[in-house]
Amino acid sequence: MLKYIIKRLLMLIPVLIGVSIIVFVIMRVFSPDPAPIVLGQHATQDKIDAWRVANGLNDPLYIQYLNFIKGIFTGDLGTSYYTKTPVLKEILSRFPATIELAIAAIILASVFGIIIGTISAVKKNTIFDSAGMVTALIGVSMPIFWLGIILIIIFSGTLHILPSGSRGDPLMQPMKVTGFFLLDGILTGNIQSIGDTLAHLILPASALGMYSMAIIARMTRSSMLETLGQDYIRTARAKGVSEGKVIRKHALRNGLIPIVTVIGLQLGSLLGGAVLTETVFSWPGIGSYTVDCILKSDFPVVQGVVMLVAITFVLINLVVDIIYAMVDPRIKYSKKEA
Amino acid sequence: MNTVKKVLAVVLAAALLCLTLTACAQGASNDPKDTLIFAQGADPRGLDPALVDDGESSKVIVNIYEGLIKYAKDSTKLEPCLAESWTVSDDGLTYTFKLRQGVKFQDGTDFNADAVKFNIERQMKGNATEDMPYADFVYGYVTKVEAKDANTVVITLKDKCTPFLYNLAMSMAAPMVSPEALKKNNNNVNEAPVGTGPYKFVRWDKEQSIVLTRNDNYWGEKAKTKNVIFRIIKDNSARVVALNNGEVDMIDGIDATVVDEITKAGNTVDQPDGMNINYMAYNTQSSICGKPEVRKALSQAINVPELVKSLYQGYATPADTILPSFVPGFSKDIKQVAYDEAASKAALAQAGVTTVHVITYSNPRPYNPATGKALAEAVQGYLSKVGVTCNIEVFDWTTYKQKVKAGDFDICFYGWTGDNGDPDNFMSLLSDKDPSMNVSRYDNAAYLDLIAKGKAAAEGADRDAIYAQLEQNQVDNSVWLPISHSKLLSAYRPVVQGYYYHVTGNIFLSGMSKTK
């Protein structure tokens, strides 16, 4: 297992080199010159030239790229052109918000996805099955930003029971320990803050998690159907094991293996794909911030965010593969054991 | 079946817990009367007045900092602020400011002549860094700053420049920052602002909110409301829902399409004229529009009041002048070329003009919320009636600016949002050597002469007359067709008292309060 983890970690290097080249080239080729954006409407050509020199943008591209790579290894991702703040600080101040939202979304998606999928499989070809799968179809088809706006209009604009956006009431925020509001609220015993954070999390997490919930529900249904048709399920039933135990201990445990993979992949994509949800719900995360920085040609920030998301995505995949082995003891990663 | 029941029970219990905690949180909030919440569409770039150039930063900055001079409540006329009075020498080169005494920065340090000197010298040539966007604009003429005594500052300019006084009232570069705070923060107080204003900085959660609290040591009338929160809500519809839902008290950055929704919810839409001009520019160097008579005939074809009414639904004022009505130098006697379809048709037929090359932008702009494309298409409709075909090319804003600079067009659409409330800031666009500013490439000796005179003349009726002459020169030569001055739309809940949105696009919150 250890060898496998080391091997996977080493495989990170070519992946990250590839990602770094792609993001570097895309920003240089498709983004407008950042200098006039940063210097404003009174910028003269002389000022623009001086700024470009000061920020190394007149250096040959390979030098710029090597400086970027050097920065990654030394932990210095540079300074935002626009705000003059270190990129790492900008990213770290927003990343907990995105992770908190993605985790809340994946929890909602997993809980409801597995419940709906299991009920659909157990009650195959009944009204429950149809209702579950129609819900999943709607979840897959609905654009997140549209769903977000609808949720805001219903629960905030009409029923007035949930806030329309943001991460929490600024005057009710918990003392900062980890940067995760919910966790900080629990750690500091701040009940008001926990309630406030949950109230603010429900709508964006539901909107973001809807697509993943649908995917998980479908996967659970098909996986459970396959498992429920296995001989050992029939044997368990013949032995008089209760139906609940058959589903929970025998079917779901075995059916979970592909579901765990899907959940892991969905979590990765939620981290990178929260852009629309974050914009609609004014969620102060990395997604909407990156879009702003792309529009402002803030190269160091965009490069930094893409690298961080890439690393996170690859690491999540690795963790999923390890969990995979824990869920299914038949899977071994060492050649000798195979 | 048992399992399903158990899972359902757990889920229901969790949901119940969430609702209880949520209710608990809502019930436990602070007294809403103590907190004004203003929602804006983007995070500020920073809170150091020397290092920013965006409106979102400016709205926060004006509540924390003050300059030597400020604008009047409903115009850009100048009033004393941290300077109680000032005099200008006869040669127009020396400005002497008498400072208000007993003023302290929010960190407890004294505001005095040395602090003013420190702030100005920080942004003068040689000291200013390349990322101080307004340093040269505000202080480019300054050659020397002296602290005569603790409360007297003398500033020497290299040349006469009356707009300098207006520059000192701006929210960029001009507000006074605590020198001590600048020293502590490596010459960058973007995230640790310290000024002399009615509110002091508490916290900034990026992309989320900025919290300010009343400065109880403020030298003037203390702020009426204890706390101020600037909330960042990027999505326009979400911002409107938040207002109608009572989550925020005031919003800006709205357009005409949501006005009904806001007023139906019992809220008020505020709409002062903005410090801007939306115009159609002729390329005076193009083969077609190089002739003044052709430009005049093209202008005659367009019914500007009708166009503005249909395109902006009453949320913009048709423009006769380049200057908005509240800027000194505005003259109501100036009238644009009158709409005359028949005369236009005859003149254009005689000149043999059948097609014009038009370029425009695809996005909305502060001075043109309907987008450049919609404006160009409206103009296209009018010109088709006089036998002229418009070949329109539409570009995204960044590409568009490059196209305008390159100059391959007969007609383009542009606009300007004023910086300092001085007439020179608008009128000198047509004298600028840079074609990205002077998009018409207008080069008129009489105009250049008047611009120089206006810059040097002391404030007053004589100076105002110079700007009226400049307006008339533009009309006579039909360089632009001024279209509209866009209104600044913002909205507030009925609980807010004393609301006003300044013509510069800033919101001064210290005089506002809430009834509940």
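I started with B:Ser478, which sits in the loop between H16 and S18 of chain B. This is a predicted model, so I kept in mind that local features need pLDDT of at least 70.

**Entry: B:Ser478.** I looked up its backbone and got a positive phi of about 45 degrees, although B:Ser478 is not a glycine. That caught my eye, since most residues other than glycine have a negative phi. Buried or exposed, then, is B:Ser478? I counted 23 C-beta neighbours inside 10 Å, so B:Ser478 counts as buried, the cut-off being 20 or more.

**Entry: helix H16 of chain B.** B:Ser478 follows H16(B), so to speak of the neighbourhood I went back along the chain to that helix. H16(B) runs over residues 461–477. I checked its length: at 1.5 Å a residue its 17 residues should span 24 Å, and the end C-alpha atoms are 25 Å apart, which agrees.

Which residues of H16(B) are buried? I noted B:Arg463, B:Ile466, B:Tyr467, B:Leu470, B:Glu471, B:Gln474 and B:Val475. These buried residues pack against helix H14 (423–427), helix H15 (445–456) and strand S18 (480–486) of chain B. S18 also closes the loop that holds B:Ser478.

**Entry: B:Asn187.** I found another non-glycine with a positive phi, B:Asn187, at about 65 degrees. B:Asn187 is in the loop between helix H6 (179–184) and strand S8 (199–205) of chain B. With 14 C-beta neighbours inside 10 Å, B:Asn187 counts as partly exposed.

**Entry: chain B overall.** I tallied 16 helices and 21 strands. The radius of gyration is 26 Å, close to the 24 Å that the globule rule gives for 516 residues, so chain B is as compact as a globular protein of that length. Its C-alpha atoms fill a box of roughly 85 × 80 × 35 Å along the principal axes. Of the 516 residues, 49% count as buried. For contacts in chain B with a separation of 6 or more, I got 70% from residues 24 or more positions apart.

**Entry: domains of chain B.** The domain assignment gives domain 1 as 3–64 + 197–269 + 489–514, domain 2 as 69–182 and domain 3 as 276–486. I then looked at where domains 1 and 2 of chain B meet: 18 residues of domain 1 are in contact with 22 residues of domain 2. Which helix gives the most to the domain 1 side? I found helix H2 (residues 55–64) of chain B, with three residues. The domain 1 side divides into nine nonpolar, six polar and three charged residues.

The UniProt record (unreviewed entry) puts "domain: Solute-binding protein family" on residues 77–435 of chain B. I computed 28% helix and 24% strand over that stretch, with end C-alpha atoms 30 Å apart.

**Entry: chain A and its contact with chain B.** The UniProt record (unreviewed entry) annotates "transmembrane region" over several spans of chain A, including 9–30 and 198–217. Residues 9–30 of chain A are 100% helix, with end C-alpha atoms 32 Å apart. Residues 198–217 of chain A are also 100% helix, and their end C-alpha atoms lie 24 Å apart.

How many residues of chain A are in contact with chain B? I got 49, meeting 47 residues of chain B. Among the elements giving two or more residues to the chain A side are helix H5 (87–122), helix H9 (191–228) and helix H11 (243–272). The largest share, seven residues, comes from H9(A). I split the chain A side into 25 nonpolar, 16 polar and eight charged residues.

Note on methods. Residues are numbered from 1 along each chain as its sequence is written. Chains are lettered from A and ligands numbered from 1 in the order in which they are written. This is a predicted model: local features need pLDDT of at least 70, side-chain atom pairs count only at pLDDT 80 or more; totals for chains, interfaces and linings use all residues. Two residues are in contact if their C-beta atoms, placed from the backbone, lie within 7 Å. Helices (H or I, at least four residues) and strands (E, at least two) are DSSP runs, numbered from the N terminus. Ala, Val, Leu, Ile, Met, Phe, Trp, Tyr, Cys and Pro count as nonpolar, Asp, Glu, Lys and Arg as charged, and the others, Gly among them, as polar. Domain bounds come from an automatic or database domain assignment. The expected span of a helix is 1.5 Å times one less than its number of residues. A residue is buried if 20 or more other C-beta atoms lie within 10 Å of its own, exposed if 12 or fewer, and partly exposed in between; C-beta atoms are placed from the backbone. The radius of gyration is taken over C-alpha atoms; the globule rule is 2.2 Å times the number of residues to the power 0.38. UniProt positions are given in the numbering used here, feature names are shortened, and annotations may be inferred rather than shown by experiment.
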